[in-house]
Amino acid sequence: MHPPLLPVPAGRLLVTEIPTFPPKQGKIEFSLIIPTYKESQNIKAVVEQLTHLLDKKIRDRYELIIVDDNSPDRTWEVALNVAQSYPQVKVMRRQAEKGLSTAIIRGWQVAKGKILGAIDADLQHPPEALLQLYAKMERGADLAVASRHVEGGGVSEWSLARRILSRGAQLLGLIVLPRVVGRVSDPLSGYFLLRRDAIQGKEMKPTGYKILIEVLGRGSFDRIEEVGYIFQERSEGESKVTIAQYLQYIQHLLRLRFPRLSLTRSRRYGQFLLKSLQRRRSRSQRQKRQALPFSNPR
Ligand SMILES: Nc1nc2c(ncn2[C@@H]2O[C@H](COP(=O)(O)OP(=O)(O)OP(=O)(O)O)[C@@H](O)[C@H]2O)c(=O)[nH]1
Ligand SMILES: [Mg+2]
């Protein structure tokens with residue numbers, strides 16, 4: 001028989017203190033959220049690798065919380081089957097709400113650990129870096145971020161276009177929100193651990209994909225540490241990244257920068273900013289082509 005599904009929190013996106021009742025719950029120290037959408041082919045492998053590592057270090061003192069958005073490939077069901085062999089694994093199936101950032105926060109809301117974290121399900125975030133991140137937290141960090149942009153970090157086979165988009169997004173963040181985005185070398189990372197009390201009682205209002213920006217913008221962190229990692233290529237399943245997410249990212253930056261900005265206005269300004277950036281990009285590409293005497297005119 002499967003373990004039961006976790007309840008899905010509703011209402012404000014706010015992480016509270018660790019529940020003290022029932023008292024036996026106290027032994028969990030670390031709660032890692034694995035957000036999933038159509039990851040049925042990856043979920044078993046990621047759980048196997050993570051439990052293998054964590055059992056050596058904090059056996060029985062951690063939980064892996066899979067938060068699935070009712071995937072059409074029934075990832076939640078596959079995860080429940082996996083959970084039969086791994087008691088540390090818990091599964092939430094969301095049907096009313098969607099989106100990567102809120103999935104992670106909903107997971108943290110039911111988590112019992114004082115250290116919280118997030119990792120992708122598709123093995124692009126190498127599980128081996130997790131113990132290094134955890135060690136940073138044990139040594140007193142408030143936030144430990146896996147970064148592609150410090151020593152030991154990088155991307156495996158990204159196209160030039162994706163590299164430019166990623167760096168462009170970071171640069172934009174540095175312009176709009178320098179004191180938040182500038183605190184880490186890889187603010188777009190989705191692989192990080194943090195101390196629960198750094199975000200406890202703070203309402204989150206993320207727009208889109210980039211949860212670390214929200215956490216940095218609303219949480220309080222004195223010590224931030226980074227660990228280099230190589231972003232792996234996906235071997236199973238498909239990417240959910242779309243151009244709409246770039247728009248949501250710009251909107252997100254604007255909402256953190258100007259807290260009173262309404263959702264509609266931030267969307268309108270975001271669209272304007274995105275269009276201006278696209279226009280500038282095509283203008284500079286045109287200029288480059290004209291500067292090359294033998295370039296293909298198309
Ligand atoms: N719960 C939930 N999880 C999501 C959603 N979108 C993506 N995810 C998960 O979040 C993680 C990151 O999403 P990906 O699509 O892999 O994004 P990415 O790693 O930036 O892009 P790729 O390199 O193309 O894979 C994966 O574990 C996804 O399954 C969503 O809407 N809800
Ligand atoms: Mg991915």
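1. In this predicted model, ligand 1 is surrounded by 19 residues, and the closest of these are Pro35, Ala103, Ala121, Ser239 and Lys240. Divided by class, the shell around ligand 1 holds seven nonpolar, four polar and eight charged residues. Strand E1 (30–36), strand E2 (62–68) and helix H3 (100–110) each contribute at least two residues to that shell.

2. Lys38, which is not a glycine, nevertheless has a positive phi of about 55°, and its place is in the loop between E1 and H1. Its surroundings contain 18 other C-beta atoms within 10 Å, and as 20 or more would be needed for a buried residue, Lys38 is therefore classed as partly exposed.

3. Leu123 also merits a look at its backbone, since this residue has a positive phi of about 65° although it is not a glycine. Leu123 sits in the loop between strand E4 (115–118) and H4, where it has 19 other C-beta atoms within 10 Å and so counts as partly exposed.

4. The axes of helix H1 (residues 43–58) and helix H4 (residues 129–138) come within 10 Å of each other and cross at roughly 35°, the crossing being right-handed. On the H1 side the contact is formed by Leu50, Leu53 and Lys57, and on the H4 side by Leu130, Leu131 and Tyr134. Sorted by class, this contact of H1 with H4 comprises five nonpolar residues, no polar residues and one charged residue.

5. Helix H8 (residues 243–257) consists of 15 residues, and the distance from its first C-alpha to its last is 22 Å, which is close to the 21 Å expected at 1.5 Å a residue. The buried residues of H8 are Tyr246, Gln248, Tyr249, Ile250, Gln251, His252, Leu253, Leu254, Arg255 and Leu256.

6. Leu177 lies in the loop between helix H5 (160–176) and helix H6 (178–181), and it counts as buried because it has 20 C-beta neighbours inside 10 Å. Leaving aside residues up to four places away in sequence, Leu177 touches Leu253, Leu256 and Arg257; of these, Leu253 and Leu256 are among the buried residues of H8. Leu177 and Leu254 are 77 residues apart in sequence, while their C-alpha atoms are 8.2 Å apart in space.

Notes. Residues are numbered from 1 along each chain as its sequence is written. Chains are lettered from A and ligands numbered from 1 in the order in which they are written. This is a predicted model: local features need pLDDT of at least 70, side-chain atom pairs count only at pLDDT 80 or more; totals for chains, interfaces and linings use all residues. Axes are lines fitted to C-alpha atoms, for helices over the stretch in contact, and angles run from 0 to 180 degrees between N-to-C directions. Helices (H or I, at least four residues) and strands (E, at least two) are DSSP runs, numbered from the N terminus. A crossing is left-handed if the near helix is turned anticlockwise from the far one by less than a right angle, and right-handed if clockwise. Two residues are in contact if their C-beta atoms, placed from the backbone, lie within 7 Å. Ala, Val, Leu, Ile, Met, Phe, Trp, Tyr, Cys and Pro count as nonpolar, Asp, Glu, Lys and Arg as charged, and the others, Gly among them, as polar. A residue is near a molecule or strand if its C-beta atom, placed from the backbone, lies within 6 Å of it. The expected span of a helix is 1.5 Å times one less than its number of residues. A residue is buried if 20 or more other C-beta atoms lie within 10 Å of its own, exposed if 12 or fewer, and partly exposed in between; C-beta atoms are placed from the backbone.
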